[in-house]
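Colleague: Got a minute? I'd like to go through this model with you.
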Amino acid sequence: MGVLDEEKAQVKAQAEVRIQDEVGRILDVERAASQESIKRAVLKERITAEDERLRAQLYAHQLDEKDRELRKQEAFYREQVAKLEERSAKFYRVTTENYHKAADELNAKFRRYEIKPVCADLQGQILKCYRENTSQTLSCSRIASLYLQCVNDAKQNKMRTGG
């Protein structure tokens, strides 16, 4: 039994060595596969990161272009508004000048005459007298005759001066 046990032990030892070798080989293959998978994942992540970086650059460039275009449009519209304001101011000046010119011409054509009441003080005295003497209007006849004389003198004066 000694030799058989020894052979069994040897076979067992060889089997264990083979198993360990096979396990080692499988682990190496698995390790290599894991490393390859990790390399692929890292490479894929790098590609994705680079793709996102390039997209971000593209978007930044597009935004810059859009910003430049908007600035150009803003400058253009500001210029147009300034021109319109200038034209409007000129039009307002011309219109105002024409209005004042026409108003001056009309004023010159149709002079305003100042009308001053003739003998206003006597007129006021007559009215006061009539109010105070409603039942005795003849007591106001002296003032009335002075008023009529004043009005006739004013008429004569106007005829002489031509006014």
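Modeller: Sure, a definition to start: helices (H or I, at least four residues) and strands (E, at least two) are DSSP runs, numbered from the N terminus.

Colleague: And the ground rules?

Modeller: This is a predicted model: local features need pLDDT of at least 70, side-chain atom pairs count only at pLDDT 80 or more, and totals for chains, interfaces and linings use all residues. Residues are numbered from 1 along each chain as its sequence is written, and side-chain values use heavy atoms, with hydrogens and water left out.

Colleague: How many helices and strands are there in the protein?

Modeller: The protein has 3 helices and 0 strands. From the N terminus on, the order is α-α-α.

Colleague: How spread out is the protein?

Modeller: Its radius of gyration is 61 Å, well over the 15 Å that the globule rule gives for 163 residues, so the protein is more spread out than a compact globule. That radius is taken over C-alpha atoms, and the rule is 2.2 Å times the number of residues to the power 0.38. Along its principal axes, the C-alpha trace spans about 185 × 45 × 15 Å.

Colleague: What percentage of the residues count as buried?

Modeller: 4% of the 163 residues. Buried means under 20% relative accessible area, exposed over 50%, and partly exposed in between (1.4 Å probe, protein chains only).

Colleague: And how much surface does the protein expose?

Modeller: About 15300 Å², with carbon and sulfur atoms supplying 56% of it. Accessible areas come from the Shrake-Rupley method with a 1.4 Å probe; for residues, only the protein chains shown count as cover.

Colleague: Switching to charges. How many positive and negative side chains?

Modeller: 31 positive and 28 negative. The centres of the two sets lie 19 Å apart. Lys and Arg count as positive, Asp and Glu as negative; His and the chain ends are not counted. Each charge is placed at NZ of Lys, CZ of Arg, CG of Asp or CD of Glu.

Colleague: How many salt bridges?

Modeller: The count comes to 10. A salt bridge here is a side-chain nitrogen of Lys or Arg within 4 Å of a carboxyl oxygen of Asp or Glu. One of them joins Arg 25 and Glu 22 at 2.4 Å, N to O.

Colleague: Where do Arg 25 and Glu 22 sit relative to each other?

Modeller: They are 3 residues apart in helix H1, so about one helical turn separates them. Arg 25 is partly exposed at 45% relative accessible area. Glu 22 is partly exposed too, at 35%.

Colleague: What about Glu 79 and Lys 83?

Modeller: Their side chains meet in a salt bridge at 3.3 Å, N to O. These two are 4 residues apart in helix H1, which means about one helical turn. Glu 79 has 42% relative accessible area, and Lys 83 has 38%.

Colleague: Which residues form a nonpolar patch on the surface?

Modeller: Ile 19, Val 23 and Leu 27, with about 260 Å² of accessible area together. Patch residues have over 30% relative accessible area and no salt bridge; like charges are joined within 9 Å, nonpolar side chains (Val, Leu, Ile, Met, Phe, Trp, Tyr) within 5 Å. Ile 19 lies in helix H1, residues 2–109. Ile 19 is exposed, at 53%.

Colleague: Last one. Where is Cys 119?

Modeller: In the loop between H1 and helix H2 (120–132). Its phi is near 55°, a positive value in a residue other than glycine.

Colleague: Is Cys 119 buried or exposed?

Modeller: Buried, at 8% relative accessibility.
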